[in-house]
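Dear colleague,

I am passing on the structure we spoke about, and you will find it just below. After it I have set out what came of going through it, beginning with one helix and then turning to the chain as a whole.

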Amino acid sequence: MKPEFELELHVISPSSSPSDWIPIFSTLWPYTTAVHIRDKISNVKEIEQFINTLILHHIPVSKIGLNRQEDLVYEYEPAILQIGMKELYQIESLKSSMTRRGITKTRIGVSVHSLQEAKQAEHLGADFLLYGHIYPSSSKPGAAPRGVVSLQRVCMEVHIPVIAIGGIKPTDIDELVNAGASGIAVISGVMNAADPLGAVQEYHQALCRYGTIK
């Protein structure tokens with residue numbers, strides 16, 4: 001199945017220290033759509049320091065994703081602002097505020113876990129969806145995966161890109177793209193690999209069989 005949208009490859013920071021993942025991001029970002037800073041502990045000032053360090057490592061802001069850090073969008077105009085269902089009703093005001101300030105390149109992604117949430121996020125203006133977890137995942141220990149059939153239904157019912165996440169291996173990409181996914185997001189598959197650069201290149205090559213990566 002040929003994807004309807006450009007393919008995407010997102011790599012998300014783990015819960016480890018930034019001193020661990022920042023050097024990894026600095027080597028693998030050219031193979032990604034975006035590298036995401038997902039940090040639920042650090043404050044805004046610390047997240048800002050992480051962004052500036054990534055920039056010092058020659059990572060373009062156009063390759064950086066932020067998680068729920070809308071205040072920093074206005075200063076940096078990153079590639080992505082990723083939010084959850086709790087922030088869903090802020091999309092309209094966020095987009096309006098971004099437009100007033102001349103922010104035109106930042107896409108808003110919403111993390112969803114059901115078809116109902118996916119439809120709601122699309123209706124309220126999400127630019128793309130992060131859907132999962134698809135397979136058993138170390139990030140969600142003990143939680144039942146949603147599976148490829150569920151992913152396929154979401155992809156059929158919404159009209160914006162759906163990015164699969166959760167326990168994905170390079171060998172899963174054929175199945176995911178054929179189910180309608182526009183790409184994948186990975187944490188441990190890259191960040192916990194013995195060779196993170198080699199791992200992201202393997203994901204990249206597998207996706208490139210289906211088209212160009214955004």
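**Helix H6 and its surroundings**

On one side of H6, Val-149, Arg-153 and Met-156 are exposed, which is to say that each has over 50% relative accessible area. Please keep in mind that this is a predicted model. Helix H6 itself runs over residues 147-157, and within it Gly-147, Val-148, Leu-151, Val-154 and Cys-155 are buried. Viewed down the helix axis, the buried residues of H6 fall within an arc of 135°, and they therefore line one face of the helix. The cover over these buried residues includes two helices, H5 (115-123) and H7 (173-178), together with strands E6 (128-132) and E7 (162-165).

**The chain as a whole**

The protein chain contains nine helices and eight strands. Its radius of gyration is 16 Å, close to the 17 Å that the globule rule gives for 214 residues, so the chain is as compact as a globular protein of that length. The C-alpha trace spans about 40 × 40 × 35 Å along its principal axes, and 51% of the 214 residues count as buried. Of the contacts between residues at least 6 apart in sequence, 64% join residues at least 24 apart.

As for the surface, the chain exposes about 10,300 Å², of which carbon and sulfur atoms supply 51%. There are 19 positive and 22 negative side chains, and the centres of these two sets lie 3 Å apart.

With best wishes

Definitions and conventions
Residues numbered from 1 in each chain as written. Predicted model: local features only at pLDDT ≥ 70, side-chain atom pairs only at ≥ 80, totals over all residues. Heavy atoms only, no water. Helix = DSSP H or I, 4+ residues; strand = E, 2+ residues; numbered from the N terminus. Rg over C-alpha atoms; globule rule 2.2 N^0.38 Å. Buried < 20%, exposed > 50% of the residue type's maximum accessible area, 1.4 Å probe, protein only. Contact = heavy atoms within 4.5 Å. Areas by Shrake-Rupley, 256 points an atom, 1.4 Å probe, with all protein chains shown as cover. Lys, Arg positive; Asp, Glu negative; His and termini not counted. Charge placed at Lys NZ, Arg CZ, Asp CG, Glu CD. Arc of directions from axis to C-beta.
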